[in-house]
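Visitor: I would like a close look at a single part of this protein, taken slowly enough for someone in a first year of study.

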Amino acid sequence: MRQFSSTPLIGFAAYSGTGKTTLLRQLIPLLRESSINLGVIKHAHHEVDVDQPGKDSYELRKAGAGRVLLATSKHWALMVDEAEAKEPELPELLERLDCSSLDLVLVEGFRHLQFPKIELHRPALGKPLLFTCDSSVIAIASDAPIDQPCNLPQLDLNNPQEIAQFVKDYCEAIPRAD
């Protein structure tokens, strides 16, 4: 498996509609309770604009500023317009995230890349399992028993505490390069 960062990465891979974002929304507070400082990278396959028409930052960007950094006392966001449309690369996004202060990065998407991932599976959706073609899947979280042989840990998709514990245990087992 490829090492994209010295900070541990765990991806969540599944077909659309399986509940990746819902699970992450449940996992993040559980991991934070354990004092894990984490970041998230979410890959979207559709157009997203976090800036809104009529707002000053939007107007400045649309006037031609290729980068606009919007800052408040509580948070900041950098909007960058790429010269040409291209799929984002995970290593590039990790650099922009500045992982130096993070203990863990959760990744939603990029399922075609080789890095540790938990596969989410709902048999009722009728989609094939991903682990059979992806050796980087480290566990399967499903809402029903898996109907084929599998030597991977099987987690209950409806039990975020169990999945959070698996993530914590997995991260603790990774040797850190300090």
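In what order do the elements of the protein run from the N terminus on? Please then take me through helix 1 closely, with the strand 3 and strand 4 pair afterwards.

Guide: This is a predicted model, in which local features need pLDDT of at least 70 and side-chain atom pairs count only at pLDDT 80 or more, while totals for chains, interfaces and linings use all residues. Residues are numbered from 1 along each chain as its sequence is written, and side-chain values use heavy atoms, with hydrogens and water left out.

From the N terminus on, the elements run β-α-β-α-β-β-α-β-β-β-β-α, and the protein has four helices and eight strands. Here helices (H or I, at least four residues) and strands (E, at least two) are DSSP runs, numbered from the N terminus.

Helix 1 covers residues 20-33, and because its 14 residues at 1.5 Å a residue should span 20 Å, the 20 Å between its end C-alpha atoms agrees with expectation; the expected span is 1.5 Å times one less than the number of residues. Within this helix, Lys-20, Leu-23, Leu-24, Leu-27, Leu-30 and Leu-31 are buried, where buried means under 20% relative accessible area, exposed means over 50%, and partly exposed lies in between (1.4 Å probe, protein chains only). The cover over these buried residues includes strand 1 (9-13), strand 2 (38-42), strand 5 (104-108), strand 6 (117-121) and helix 4 (160-173). After helix 1 comes Ser-35, which has a positive phi, near 60 degrees.

Turning to the pair you mentioned, strand 3 (residues 67-71) and strand 4 are paired in the antiparallel sense over five bridges, and two strands count as paired if DSSP finds at least two bridges between them. These two strands, strand 3 and strand 4, form a hairpin with four residues between them, and Ala-71 has Trp-76, in strand 4, as its bridge partner. Strand 4 (residues 76-80) also holds Leu-78, which counts as partly exposed because its relative accessibility is 42%.

For the protein as a whole, 39% of the 178 residues count as buried, and the C-alpha trace spans about 55 × 40 × 30 Å along its principal axes. Among contacts (heavy atoms within 4.5 Å) between residues at least 6 apart in sequence, 53% join residues at least 24 apart.
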